[in-house]
Amino acid sequence: MQRDVEPPDEEGTPAARQRTIEIITLAVVLAFSAVLMWDNWRNGIDWESSGPKPGYFPFYVALICAGAALYGLVKEVFFPPDPHEPFVMRDQLKRVMQVFVPTLAFVPVTQLLGIYVASFLLISGFMIWVGHIKPWKSILTAYIFSAIMFAVFEIAFDVIMPKGPLEHLMGY
Amino acid sequence: MESLGLLLLGFKVLMTWKTLSLMMVGLTLGIFVGVLPGLGGPNGVAILLPLTFTMDPTSAIVMLSCIYWGALFGGAITSILFNIPGEAWSVATTFDGYPMAQQGKAAEALTAAFTSSFIGSLVAVLLITFLAPRIATFALKFGPPEFFAVYLLTFCSFVGLGKEEKHKTIISMAVGLLLAAIGMDTVSGQLRMTFGSQELMRGVNFLVAVIGLFGISEILLTMEESLSLKGHAAKISLKVVFQVWGSLPKYWATLVRSSVIGCWLGITPGGAIAASFMGYNLAKRFSKDRESFGKGRIEGVFAPETAAHASGTAALLPMLALGIPGSGTAAILLGGLMVWGLNPGPLLFVEHKDFVWGLIASMYLGNVVGLVMVLSTVPFFAAVLRVPFAAIAPMIVVSCAIGAFAIQNAMFDIWLMLGFGIVGYVFKKIRIPLAPLTLALVLGSRAEDAFRLSMIGAAGDLTVFWSNTLVGTITTLAILLLFWGPIGRMFGYAGRVFSDPTANPKT
């Protein structure tokens, strides 16, 4: 595979450290399990005549999860194995964003224009602006791909996909 | 032998033009998926699963399992020609495969990889043919406590035997179990953890999570690395194929050893990755000429590939016989079974004979056809790798979105998939394993049901998990596995003390 996206930068500066991200993630996991513990506690975590109440099983799973996250937090805050290990370099983050931001935009566009038009825009746009591939090649590739998808899902397999004004014009 | 008769029945199910052509399509798609670095076995199967919703279960599983075989074969092409493993389990193949390609022996390396893949799978399929029906018959006697004990064993072995930090494995598994419990409680009908959201009432769909966790996150990771690389061209001639096959008997010990390791690790949830490394390391350790490993030795290709494929195939054994997947991809296939309205587990062997034996027969046929296909189409698939990643990446994103939407026709699921993509990316980078999450997500509600049914049956008495020899043994084994690390150290320590009375206990 040729990755002609951006030439790799040998040095680069870290955009975030492994330890920071790990602490944030573990804190989020801890908060997530605390909220779920509370919600399950409301559903009843004790036993009734027929067995455990609905909240019993998830409550204890959330408790275990919270315990593991707390252990990890204490370990990372007080005894980090390698406090300077980078999580992601700046130029790496830039490339990740180059694919993530268009993907994020792709979802509302799908809602508005349907998935086939949205994928045509995503593929052609990505190839032209991120991949620096010749526009005619990019547009042709995107068109062929979207058309194949349409033929496979809409016509051959009858799988329902989000559609927009263009498909309605064509009578689908 | 009863198994042989049933296997013949399976081949009969398979021998229609429709099934055979689906097999070819599945294999081609699978090799594709295996070759592309942004995709792999689990995501490929997850993304392509919606295609099968309108098929009958037997055609669907044949196509999906062929995608799986294809992905297993395809991973080797990139490792050897481009030094990028398409799959985590082909990392060990690059150690000797790429040096061989550099020395102009790419064709030999590829033939060796494909052939040993084939041998590994074949051994595992033979094991499945003769062992799975027996285990299933045995498991028919299981009640809820036994099933819960088996689930517990699966979860505990992940924590105890996994290479990652224990608390991270536990977090991953617990998050999976919690996500599985979102939505309607199957026993009481009460809503749990939905926080009034209509969208969450449906629950978190397993496949949506998998597509995000593996598919989207893999794209983000691949973009991050952005390597520019040069590949080696390869064309396989019949002469080379026969040369390599002729040398096979010389390496019988390596092949047997790797097959056994692979089958063993495939059945115990640990996965193909560990198997391929272990196969490689053992081949190196047993070799008389250790120095030549890593410099392009054909044995270094045989060993990891045989083990990886044996374990990838053997992972389907517990899925078929007990309804417990031995690997991530097996977990997704299991999710597929449920979509088609089949209840995975021992009853499958009784109620859906043609389905089970059709699947097993397709493992034999799929591997034979796959071997011929990869040997003849290598130049074509190597050319696929020269397609710029900037074209492949958005196409994979679109395929992921289509897959996620098709499962429940919900726009919300595409957003959910994106969310799981970020989670998958962060988890992978901070080394929280994703396999336990996947497994817990697919098994979660069944494990909880088994637990609650046992509790109802036993009137809340936890000793029901030790109420007879069978369930007691499984539960005890599960707890032993959970504390495998500390127990192992204890034995190691005791062993040192007893074997060497002069040893200082403090060291």
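Biologist: What makes D56(B) and K18(B) a salt bridge in this predicted model?

Modeller: Their side chains meet at 3.4 Å, N to O. The rule asks for a Lys or Arg side-chain nitrogen within 4 Å of an Asp or Glu carboxyl oxygen. The pair therefore qualifies as a salt bridge.

Biologist: Why do you say that this pair ties together parts of chain B?

Modeller: Look at where the two residues lie. D56(B) is in the loop between helix 3 (41-48) and helix 4 (57-82) of chain B, while K18(B) is in helix 2 (residues 17-35) of chain B. The parts are 38 residues apart in sequence, so the pair links them.

Biologist: How many salt bridges does the rule give over all chains?

Modeller: The count is 12. Between chain A and chain B it is 3.

Biologist: Why is the contact of E165(B) with K75(A) called a salt bridge?

Modeller: The N to O distance is 2.2 Å. The cut-off is 4 Å, so the label holds.

Biologist: Which elements give two or more residues to the side of chain A that touches chain B?

Modeller: Among them are helix 1 (18-43), helix 2 (56-78) and helix 3 (90-113) of chain A. Strand 3 (51-52) and strand 4 (86-89) are on the list too. By class, this side of chain A has 47 nonpolar, 16 polar and 9 charged residues.

Biologist: How many residues does each chain bring to the contact?

Modeller: Chain A gives 72 residues and chain B gives 72 residues. Together the chains bury about 6,500 Å², with 76% of it on carbon and sulfur atoms. There are also 10 residue pairs in polar contact between them, both residues at pLDDT 80 or more.

Biologist: Now the empty space. How do you know where it is left?

Modeller: A probe the size of a water molecule is rolled over the atoms, and this shows it. The structure holds 1 cavity of 30 Å³ or more. The largest cavity has a volume of about 40 Å³.

Biologist: Which residues line the largest cavity?

Modeller: V99(A), F100(A) and T103(A) line it, along with I216(B), I219(B), L220(B) and V397(B). Helix 3 of chain A and helix 10 (206-225) of chain B each give two or more residues to this lining.

Biologist: What classes make up the lining of the largest cavity?

Modeller: The lining has 6 nonpolar residues, 1 polar residue and no charged residues. Thr is outside the nonpolar and charged lists, so T103(A) counts as polar.

Definitions and conventions:
Residues numbered from 1 in each chain as written. Chains lettered and ligands numbered in written order. Predicted model: local features only at pLDDT ≥ 70, side-chain atom pairs only at ≥ 80, totals over all residues. Heavy atoms only, no water. Contact = heavy atoms within 4.5 Å. Buried area = accessible area lost by both parts, 1.4 Å probe. Polar contact = N/O pair within 3.5 Å; in protein donor to acceptor, adjacent residues only side chain to side chain. Helix = DSSP H or I, 4+ residues; strand = E, 2+ residues; numbered from the N terminus. 1 Å grid on protein atoms, 1.4 Å probe; cavity = no way out; pocket = protein on both sides within 12 Å on 5 of 7 lines; lining within 4 Å. Points joined across faces, edges and corners; volume = space filled by probe spheres on them.
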